[in-house]
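Thank you all for coming. I would like to walk through one structure this morning, going from side-chain pairs to the sheet and then to the core.

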Amino acid sequence: EIGSGLVGSEMCIRDRKKKLIEFLRNETDFPIRMRDVAKIFNVNTATIRRYLSDNIQFCIEEGFIYKM
């Protein structure tokens, strides 16, 4: 995006995180196994953990994502 100051890989990360949060907000069947979500988004569980670390709507416990 012109003028955003982000390079391609940063935009990809930002967009993937945005899509993950949107996916979880629309999900109704909680808890969700974190590794299943990681497969959907083609990332590892550490990335999912990092994406959700600053989001107060969700928490991770023992490999599952819970909606607060």
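Let me begin with Asp36, which is partly exposed, its relative accessible area being 35%. Please keep in mind throughout that what you see is a predicted model, and that the values I quote are computed from it. The partner of Asp36 is Arg33, with which it forms a salt bridge whose closest N and O atoms are 3.6 Å apart, and Arg33 is itself partly exposed, at a relative accessible area of 34%.

How many salt bridges does the count come to? It comes to 2. Besides the pair I have just described, there is a salt bridge between Lys17 and Asp54, where the closest N and O atoms are 3.3 Å apart. Because Lys17 belongs to helix 1 while Asp54 sits in the loop between helix 3 and strand 2, this pair ties together parts that are 37 residues apart in sequence. As for accessibility, Lys17 is partly exposed, with 27% relative accessible area, whereas Asp54, at 55%, counts as exposed.

Arg33 also brings us to the sheet, since its bridge partner in strand 3 is Phe64. Strand 1 and strand 3, the latter covering residues 64-67, pair in the antiparallel sense over 2 bridges. The sheet as a whole is open and has 3 strands in the order 1-3-2, with antiparallel pairing, and its edge strands are strand 1 and strand 2, each of which pairs on one side only. Lying across strand 2 and strand 3 is helix 3, which runs at about 140° to strand 2.

Next, the aromatic rings. A pair of aromatic rings is described by the distance of the centres and the angle of the planes. A search of the whole structure finds 2 aromatic pairs. In one of them, Phe23 and Phe41 meet edge-to-face, with 5.6 Å from centre to centre and 75° between the planes. Since Phe23 lies in helix 1 and Phe41 in helix 2, the pair ties together parts that are 18 residues apart in sequence. Phe23 counts as partly exposed, at 26% relative accessibility, while Phe41 is buried, its relative accessible area being 15%.

The rings of Phe30 and Phe58 make a stacked pair, because their planes are at 25°, and their centres are 6.2 Å apart. Phe30 is found in the loop between helix 1 and strand 1, and Phe58 in strand 2, so here the parts tied together are 28 residues apart in sequence. Phe58, at 4% relative accessibility, counts as buried.

That leaves the interior. The largest nonpolar core has 14 residues, and those with the most contacts inside it are Leu20, Leu24, Val37, Ile48, Leu52 and Ile65. Helix 1, spanning 8-26, helix 2, spanning 34-41, and helix 3, spanning 45-52, each supply at least two residues of this core, and it is helix 2 that gives the most, with 4 residues.

Which residues are in contact with Leu52, once we leave aside its neighbours within four places in sequence? They are Leu20, Ile21, Leu24, Phe58, Ile60 and Ile65. Among them is Phe58, the residue of strand 2 that also takes part in the pair with Phe30, and that is where I would like to stop and take your questions.

Key. Residues are numbered from 1 along each chain as its sequence is written. This is a predicted model: local features need pLDDT of at least 70, side-chain atom pairs count only at pLDDT 80 or more; totals for chains, interfaces and linings use all residues. Side-chain values use heavy atoms; hydrogens and water are left out. A nonpolar core is a set of buried Ala, Val, Leu, Ile, Met, Phe, Trp, Tyr and Cys residues joined through side-chain atoms within 4.5 Å. Buried means under 20% relative accessible area, exposed over 50%, partly exposed in between (1.4 Å probe, protein chains only). Contact means heavy atoms within 4.5 Å. Rings of Phe, Tyr and Trp (its six-membered ring) pair if their centres lie within 6.5 Å; planes under 30 degrees apart count as stacked, over 60 as edge-to-face and the rest as tilted. A salt bridge is a side-chain nitrogen of Lys or Arg within 4 Å of a carboxyl oxygen of Asp or Glu. Two strands pair if DSSP finds at least two bridges between them. Axes are lines fitted to C-alpha atoms, for helices over the stretch in contact, and angles run from 0 to 180 degrees between N-to-C directions.
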